[in-house]
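Hi everyone, thanks for coming. I have one structure to walk you through today, so please get comfortable and have a look at it with me.

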Amino acid sequence: MSVGRPSRILIIEDDPASADFVLRGLGAAGHDAAVCADGRLGLDLAAQGDFDLWILDRMLPGMDGLALLGALRAQGLRTPAIMLSALGTVDDKVTGLTAGADDYLAKPFSLAELRARIAALLRRAERSAAEAAATRLSVGDLEIDLLSRTVSRAGRPVPLVAREFHLLEYLARHAGEVVTRTMMLEHVWNCRFDPGSNVVDVHIGRLRRKLEEGMAPILHTVRGAGYRLSSES
């Protein structure tokens, strides 16, 4: 969910009364909700739409909720999902959670409880997104995973040695800015003076070849100043 906009929620429910009940309740709570009454159509909307959370009934025409959710998870979509159902035994709940639901609410339910569970899932999703952002750096189609210390560009792995990774991380933290050789010597090599060697240029050359092999330039030379990591020329 982006800061400054209401959360977008998709309700996949074929019972008009239940769908209207949930829709009105979520609207009153400030959410931007949409309703779909068919499982197959719901699958398309959930897969293509920019939703922060899905609410789906277990029994749906076209495709039941278990199959629908399983198909979405098989596509790698991790949007939080709450399953609603008149089937409320422990085994029913286990089946729904195993299919990929993050929460399972048996009918009839109170709107206050549903809203509380939605809020909890959205908070958890925001925390997860923040944690992922803190361990990743992105510059255009370049992705740097700081935990696994891996790099990829447009999905293609870019193997780097330790010093190259450290250099790229420093450049990425200053993406779009001109980084001087002195700055790189200080922060990557821990040298507080220029020894007169071409160590920075050599490593930049190796890094550039690995990052730009068959791809658009991303590591630019700024004559007389230094280097700039940017997806824009």
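I'll start with the overall picture, then go to the helix contacts, and finish with some single residues.

One thing to keep in mind from the start: this is a predicted model. In terms of secondary structure, the protein chain has 8 helices and 11 strands. What about its overall spread? The radius of gyration is 24 Å, well over the 17 Å that the globule rule gives for 233 residues, so the chain is more spread out than a compact globule. You can see that in the box around the C-alpha atoms too, which is roughly 75 × 30 × 30 Å along the principal axes.

For those of you who think in terms of surfaces, the protein chain exposes about 12200 Å², and carbon and sulfur atoms supply 54% of that. Of the 233 residues, 39% count as buried. And if we take the contacts between residues at least 6 apart in sequence, 55% of them join residues at least 24 apart.

To get a feel for distances in this model, take D91. That residue is found in helix α4, residues 90-98, and with a relative accessibility of 59% it counts as exposed. D91 and A175 are 84 residues apart in sequence, and their C-alpha atoms are 51 Å apart in space.

Now to the helices, and please find α8, residues 199-212. Let's take its contact with α6, residues 162-173. How do the axes of these two helices cross? They come within 10 Å and cross at roughly 85°, so α6 and α8 are roughly perpendicular to each other. On the α6 side, the contact is made by R163, E164, L167, L168 and L171. On the α8 side, you have H203, I204, R206, L207, K210 and L211. Sorted by class, that contact has 6 nonpolar, 1 polar and 4 charged residues.

Helix α8 also packs with α7, which covers residues 181-188. The angle there is about 85°, and the axes are 10 Å apart. So α7 and α8 are roughly perpendicular to each other as well. Which residues meet? From α7 we have R181, M184 and L185, and from α8 we have V199, V200, D201 and I204. By class, this contact has 5 nonpolar, no polar and 2 charged residues. If you were following the names, I204 of α8 appears in the contact with α6 and also in the contact with α7.

Let's move to a residue that touches the α8 story from another direction: V158. You'll find V158 in the loop between β9, residues 156-157, and α6. Is V158 buried or exposed? At 3% relative accessibility, under the 20% cut-off, V158 counts as buried. Setting aside residues up to four places away in sequence, V158 touches V151, S152, R153, K210 and L211. K210 and L211 are names you have just heard, on the α8 side of the contact with α6. The C-alpha atoms of V158 and E212 are separated by 9.7 Å, although these residues are 54 apart along the chain.

Next, a few backbone details. Most residues other than glycine have a negative phi, and most peptide bonds are trans. With that in mind, where do we find a cis peptide bond here? The bond from K107 to P108 is cis, with omega near -5°. P108 lies in the loop between β5, residues 103-106, and α5, residues 111-134.

Then there are residues with a positive phi. R149 has a phi of about 55° although it is not a glycine. R149 lies in the loop between β7, residues 142-145, and β8, residues 150-153, and at 47% relative accessibility it counts as partly exposed. A154 also has a positive phi of about 55° and is not a glycine. A154 sits in the loop between β8 and β9, and at 54% relative accessibility it counts as exposed.

My last residue is L45, in helix α2, residues 39-48. At 34% relative accessibility, L45 counts as partly exposed. Leaving aside its neighbours within four places in sequence, L45 is in contact with L10, C36 and F51. L45 and I12 are 33 residues apart in sequence, and 9.6 Å apart from C-alpha to C-alpha.

That's my tour, and thanks for listening!

Notes: Residues are numbered from 1 along each chain as its sequence is written. This is a predicted model: local features need pLDDT of at least 70, side-chain atom pairs count only at pLDDT 80 or more; totals for chains, interfaces and linings use all residues. Side-chain values use heavy atoms; hydrogens and water are left out. Axes are lines fitted to C-alpha atoms, for helices over the stretch in contact, and angles run from 0 to 180 degrees between N-to-C directions. Helices (H or I, at least four residues) and strands (E, at least two) are DSSP runs, numbered from the N terminus. Angles under 35 degrees count as roughly parallel, over 145 as roughly antiparallel, 65 to 115 as roughly perpendicular and the rest as oblique. Contact means heavy atoms within 4.5 Å. Ala, Val, Leu, Ile, Met, Phe, Trp, Tyr, Cys and Pro count as nonpolar, Asp, Glu, Lys and Arg as charged, and the others, Gly among them, as polar. The radius of gyration is taken over C-alpha atoms; the globule rule is 2.2 Å times the number of residues to the power 0.38. Buried means under 20% relative accessible area, exposed over 50%, partly exposed in between (1.4 Å probe, protein chains only). Accessible areas come from the Shrake-Rupley method with a 1.4 Å probe; for residues, only the protein chains shown count as cover.
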